[in-house]
Every structure is written in C-alpha cells, then in structure tokens.
Amino acid sequence: MITYYLLSTLYVIVCFVLLLVILLQQGKGGDMASAFGGGSSQTAFGARGGATVLSKATTIFAVLFMLGALALAIIGQRGPGSIVGGMPGPAPVPKGALATPAPKSTTPATPAPTPTTPPK
C-alpha cells in the first residue's frame, strides 16, 4: 500500500519534469510558413541536429513515464486494500455454547382478577 502512494508521487513528479523538459525545448522550424509547407526544409520533421541535453532528458523521462504508467496499472489491478485486512477475525464460538432462545412463558403479564363473592 505504501509502495503505491510512493510510486504515485514519483509518477506525478516525472510527469511534471517531462512537461517542463518538453516546454523548454526550442521548436524546429515552428513558424507558420513551415506548418503549411512553405518552409525551406525538405524533411518531414525539420533538420536533423545533434541530440541536446534536453532531447536526451525528454527520452529518459518519456521512458520513465511509460514504465510508471505500466507499474501503476499492474499495482492497481489488485484493487483497494482493507484497513482491517491483516487483523484476525472474531474467535469461533463452540457449537454447544450457542445461545438458545428462552421458552415463551404461558403466564400472562398481569395476573387475572380473582372473583370475589359478596358476604352472606
């Protein structure tokens, strides 16, 4: 359970760092003319340059992002745990010790009045 929360926290940090690293990168021919084919570049994704520190960091954090998503999905398959999952249950009651209901009483709750005869 603790590992799930720790992994979730690390995953959120990796997501934020990946977002930051992607946003810090310089666009390759990102003006409007190159978006519609008016750029001078003939390649599909712009000129191929050397791998910078930011592009290497993007690759590393993208791999960590995918592995973290996979790990959280696998851990999440188990379902939620119970707070009392590790506690023992109630002690079993011996078979003869079960309480039996008391028999119903046939006497009324209030006594019936006794007939009185007038004196002679």
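**Notebook: T58 and the pairing of α1 with α3**

I began with T58, which counts as buried because its relative accessibility is 17%, and the cut-off for buried is under 20%. This is a predicted model, so every value I note here is computed from predicted coordinates. I placed T58 in helix α3.

Next I listed what touches T58. Leaving aside neighbours within four places in sequence, I found T58 in contact with L18, V21, I22 and Q25. I also looked for a polar partner: the side chains of T58 and Q25 are joined by a polar contact of 2.3 Å. I noted that L18 and V21 are themselves among the buried residues of α1.

**Whole chain**

I then stepped back to the chain. I counted 3 helices and 0 strands, and the order along the sequence reads α-α-α. Of the 120 residues, 8% count as buried. I looked up how the contacts are distributed: among those with a separation of 6 or more, 87% are between residues 24 or more positions apart. The accessible surface came to about 11100 Å², and carbon and sulfur atoms hold 70% of that.

**Helix α3**

I checked the length of α3, which runs over residues 53-76. Its 24 residues should span 34 Å at 1.5 Å a residue, and I read 34 Å between the end C-alpha atoms, so the two agree. Which residues of α3 are buried? I listed A57, T58, G68 and L72. What covers these buried residues includes α1.

**Helix α1**

I did the length check again for α1. This helix has 23 residues and reaches 33 Å from its first C-alpha to its last, close to the 33 Å expected at 1.5 Å a residue. I found S8, Y11, V14, L18 and V21 buried in α1, and the buried residues of this helix pack against α3.

I wrote the helix rule beside that list. An α-helix has 3.6 residues a turn, so residues three or four places apart point the same way.

**S8**

I took S8 as a single case from that list. S8 sits in helix α1, residues 2-24. Is S8 buried or exposed? I entered S8 as buried, because its relative accessibility is 18% and the limit is under 20%. I then looked for a partner for its side chain: a polar atom there lies 2.8 Å from the backbone oxygen of Y4.

**V12, L19 and the nonpolar patch**

I turned to residues of α1 that are not in the buried class. V12 lies in helix α1, and I noted V12 as partly exposed because its relative accessible area is 43%, between the 20% and 50% cut-offs. I looked for V12 against α3 as well: its C-alpha atom is separated from that of G68 by 9.5 Å, with their positions 56 residues apart along the chain. G68 is one of the buried residues of α3.

L19 is also found in α1. I entered L19 as partly exposed, since its relative accessible area is 49%.

Which residues form the nonpolar patch on the surface? I found V12, F16, L19 and L23, which together have about 440 Å² of accessible area.

**Closing entry**

I kept two points about the helix pair. The buried residues of α1 pack against α3, and the cover over the buried residues of α3 includes α1. For T58, I kept the 2.3 Å polar contact with the side chain of Q25.

Notes
Residues are numbered from 1 along each chain as its sequence is written. This is a predicted model: local features need pLDDT of at least 70, side-chain atom pairs count only at pLDDT 80 or more; totals for chains, interfaces and linings use all residues. Side-chain values use heavy atoms; hydrogens and water are left out. Helices (H or I, at least four residues) and strands (E, at least two) are DSSP runs, numbered from the N terminus. Buried means under 20% relative accessible area, exposed over 50%, partly exposed in between (1.4 Å probe, protein chains only). A polar contact is a pair of N or O atoms within 3.5 Å; within protein, one must be able to donate a hydrogen and the other to accept it, and residues adjacent in sequence count only if both atoms are side-chain atoms. Contact means heavy atoms within 4.5 Å. Accessible areas come from the Shrake-Rupley method with a 1.4 Å probe; for residues, only the protein chains shown count as cover. Patches are made of residues with over 30% relative accessible area and no salt bridge: like charges are joined within 9 Å, nonpolar side chains (Val, Leu, Ile, Met, Phe, Trp, Tyr) within 5 Å. A salt bridge is a side-chain nitrogen of Lys or Arg within 4 Å of a carboxyl oxygen of Asp or Glu. The expected span of a helix is 1.5 Å times one less than its number of residues.
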